[in-house]
Amino acid sequence: MAPKKDLHDQPGNSEILCNILRISPTSGLDDKIIGARELKALALKDSTQVADAGDIPHLVALLLAGTPSVIQEDVVDALSYIALDNQGMVASAGAVPLLVALLSADTPAHVQDKAAKVLASLVASNPENQEKVASAGAIPPLVALLSASTPPLVQEWAGAALGCLVDNHHGNQVKVASAGAIYFLVVLLSARTPAPVQNEAARALGNLVAFNPDNQGKAVSAVPPLVALLSIHQHSSGSAAGGSLYSCNSSSQQYW
């Protein structure tokens, strides 16, 4: 067996380790700001190398309440890149409850949307993380972020996270529907809603009603706006609308 390389000997890891030291608990605010920003840039370039350097727990620690939002924003951005290929490592580092806490109304919108984005990445095609995120209480705040008073980018990622949470997960379909998501998602299909938000709302509805007759019956009001999206948009919103309409017909009880 070949000897394991020391992290310091691997190209680029000296820069990663330098920035890990910058975000350590004993560092000053300026160092933490610089370190978080640099680690975000490094994660965008090579998220696996940052993860392998053992950086995830240090980043997760900066999600704790009391960390300035300017740091949290960069940290959550970095985690969004890392989580794409390292779902288990991010969840195991304790990120889920801290990300859920960042969905609260007290959190700045530019951090809320990124927290929802990371949660979407963590639960995508990952049943274990779907369970963890739902059990951590993410569903009610994600549904609340679909409301009309929420900025569009936050609505978009809240819709994406909910869509991934319910994908092929009957238990979460029931929980999300019970939390009132269907009403808000249908409202977001309206012509006044930006196309990216419409797209995620349509996708979430499709996953929410797939093979679920009860949810199909609750979402009948979505049919007219979904049909309208099919006729208006030729891009992803139309595609997601078509997928949603198809999902409702995947059961023996065809409500739509």
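Let me begin with F184, which at 27% relative accessibility counts as partly exposed. I should say at once that what we are looking at is a predicted model, and that I will move from this residue to the pocket, then to two helices and their charged pairs, and finally to a few loop residues.

F184 matters here for its partner, since the rings of Y183 and F184 have their centres 5.3 Å apart, with their planes at 75°, so the pair is edge-to-face. As for how many aromatic pairs there are in the model, the count comes to one. Y183, for its part, counts as exposed, with a relative accessibility of 58%.

From there we can turn to the largest pocket, whose volume is about 180 Å³. Its lining is made up of 14 residues, and those that lie nearest the centre of the pocket are A148, Q155, V187, L188 and T193. Which helices each supply at least two residues of this lining? They are α11, covering residues 152-166, and α13, covering residues 181-187, and α13 gives the most, with three residues. If we sort the lining by chemistry, eight of the residues are nonpolar, five are polar and one is charged.

Let me stay with α11 for a moment. Its end C-alpha atoms are 21 Å apart, and this agrees with the 21 Å that its 15 residues should span at 1.5 Å a residue. The helix is mostly covered, in that eleven of its 15 residues are buried, and among them are V154, Q155, E156, A158 and G159. Q155 therefore appears twice in this account, as one of the buried residues of α11 and as one of the residues nearest the centre of the largest pocket.

The second helix I would like to show you is α5, which also has 15 residues, and which reaches 20 Å from its first C-alpha to its last, close to the 21 Å expected at 1.5 Å a residue. It too is mostly covered, with eleven of its 15 residues buried, including I71, D74, V75, D77 and I82.

That brings us to the charged pairs, where the count of salt bridges comes to seven. In one of them, the side chains of K40 and D77 meet at 3.9 Å, N to O. This pair links distant parts of the chain, with K40 in helix α2 (residues 29-45) and D77 in helix α5 (residues 69-83), 37 residues apart. Are these two partners buried or exposed? K40 counts as partly exposed, at 24% relative accessibility, whereas D77 has a relative accessible area of 9% and is buried, because it falls under the 20% limit for that class.

A second salt bridge joins the side chains of K114 and D113, at 3.8 Å, N to O, and here both K114 and D113 are buried.

A third salt bridge brings together the side chains of E200 and R203, at 3.7 Å, N to O. E200 and R203 are three residues apart in helix α14 (residues 195-209), and so they are separated by about one helical turn. As a general point, an α-helix has 3.6 residues a turn, so residues three or four places apart point the same way. E200 counts as buried at 15% relative accessibility, while R203, with a relative accessible area of 40%, is partly exposed. Elsewhere, salt bridges that share partners join R37, K40, D74 and D77 into one network.

I will finish with the loops. In general, most residues other than glycine have a negative phi. S125, however, has a phi near 50°, a positive value in a residue that is not glycine. S125 sits in the loop between α8 (109-123) and α9 (127-135), and it is exposed, with a relative accessible area of 70%.

F211 is another such residue, with a positive phi of about 55° although it is not a glycine. Its place is in the loop between α14 and α15, and at 62% relative accessibility F211 counts as exposed.

N212 also lies in the loop between α14 and α15 (213-218), but N212 counts as buried, with a relative accessibility of 2%. How far apart are N212 and Q173, in sequence and in space? They are separated by 39 residues in sequence, and by 8.0 Å from C-alpha to C-alpha.

Note on methods. Residues numbered from 1 in each chain as written. Predicted model: local features only at pLDDT ≥ 70, side-chain atom pairs only at ≥ 80, totals over all residues. Heavy atoms only, no water. Salt bridge = Lys/Arg side-chain N within 4 Å of Asp/Glu carboxyl O. Helix = DSSP H or I, 4+ residues; strand = E, 2+ residues; numbered from the N terminus. Buried < 20%, exposed > 50% of the residue type's maximum accessible area, 1.4 Å probe, protein only. Phe/Tyr/Trp six-rings, centres within 6.5 Å; stacked < 30°, edge-to-face > 60°. 1 Å grid on protein atoms, 1.4 Å probe; cavity = no way out; pocket = protein on both sides within 12 Å on 5 of 7 lines; lining within 4 Å. Points joined across faces, edges and corners; volume = space filled by probe spheres on them. Nonpolar A, V, L, I, M, F, W, Y, C, P; charged D, E, K, R; others polar. Expected span 1.5 Å × (residues − 1).
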